[in-house]
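Reader: Please take a close look at a single part of this model, the nonpolar patch on its surface, and then set that part in the context of the chain around it.

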Amino acid sequence: FKTGKRRMKLRDKILIQKYYLNVFNGIFLALGLMLLTFGLWLLFDRNNLFSVLFSSGENQPVAYISCILLGIGSVTTFTSAVGFIGSITEIKCLLVTYMSFQIMVFATQMAILVLIFMNKEEVHKQWNNRIDEIISEYGNESLTEQEPVWNILNAVQHNMGCCGRYNVTQWERNKNKENSTQIPCSCIKSSLKKWFCDVPRDSTYSMGCEEYLNTWFENNVLILTAITVSLLITQIFLIRLTGQLFRNIRKNNIWPNE
């Protein structure tokens, strides 16, 4: 009788643990799909600000970033499926596999977080060089394949109300203008669809775009960091719950033979 009562309590524990495991597993899956979606966006949409800032010559860090995000997102999705099947069917082998994947993903995410914060200064330096490069090439008739990049720069200047990386004087370096006094039409409140306009210097946006881009970058890093930290916290609960569920299922399988 006592053994039967203990088994009923154990089954109740198992059901509760399975419920919470699947709830946290669902959260883990949703966060993983966010990373997967972001990785796909970076990989296939080349006309975005991330791609513009981090693509120069043969060095294509956007491709590496997107592959990392796609890798984590794919492993997260697969791991969630294994955890769901393992908890529903109570197969101990799947639960052990699930815990192993969780620990592996946890360690990978910790390493990525450390790399992000260690390389922030290098990232800023790289994209500043990239913006300077775009400004130098802007409007060059022999580089028409770069027009999507110039359009993105125009959109940044127009929407953020800024001009150049640090200020309007940076455009003096551009050698593709008809005369030295011209500036991009996106540096003023204009709807003209051409690269350069003849306007007085004092009518242009006075602020450079670097400060706005730094804020934009910090916000995106903060979002990715928040998702990653949320994944890490969720994984701690998942690993703990999976371990407890594994032990209770093992006990439940042993008792009938006592």
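Author: Y20 counts as partly exposed, because its relative accessibility of 43% falls between the 20% under which a residue is buried and the 50% over which a residue is exposed. This value, like the others here, is computed from a predicted model. Y20 lies in helix α1, and together with I16, Y19, V23 and I27 it makes a nonpolar surface patch of about 490 Å².

Helix α1, which spans residues 2–44, also takes part in a patch of another kind, since at least two residues of a positive patch come from α1 and at least two from α7 (210–254). The members of that patch of positive charge, gathered on the surface, are K9, K13, R247 and K251, and R247 has its place in helix α7.

For a contrast with the partly exposed Y20, one may turn to S186, which is buried because its relative accessible area of 8% is under the cut-off of 20%. S186 sits in the loop that runs between β1 (183–184) and β2 (196–197), and its side chain is joined to that of N154 by a polar contact of 2.7 Å.

As for the wider setting, the protein chain has seven helices and two strands, which follow one another along the sequence in the pattern α-α-α-α-α-α-β-β-α. The protein chain has 258 residues, of which 43% count as buried.

Notes:
Residues numbered from 1 in each chain as written. Predicted model: local features only at pLDDT ≥ 70, side-chain atom pairs only at ≥ 80, totals over all residues. Heavy atoms only, no water. Patch = residues over 30% accessible without salt bridge, like charges linked within 9 Å, V, L, I, M, F, W, Y side chains within 5 Å. Areas by Shrake-Rupley, 256 points an atom, 1.4 Å probe, with all protein chains shown as cover. Salt bridge = Lys/Arg side-chain N within 4 Å of Asp/Glu carboxyl O. Lys, Arg positive; Asp, Glu negative; His and termini not counted. Charge placed at Lys NZ, Arg CZ, Asp CG, Glu CD. Helix = DSSP H or I, 4+ residues; strand = E, 2+ residues; numbered from the N terminus. Buried < 20%, exposed > 50% of the residue type's maximum accessible area, 1.4 Å probe, protein only. Polar contact = N/O pair within 3.5 Å; in protein donor to acceptor, adjacent residues only side chain to side chain.
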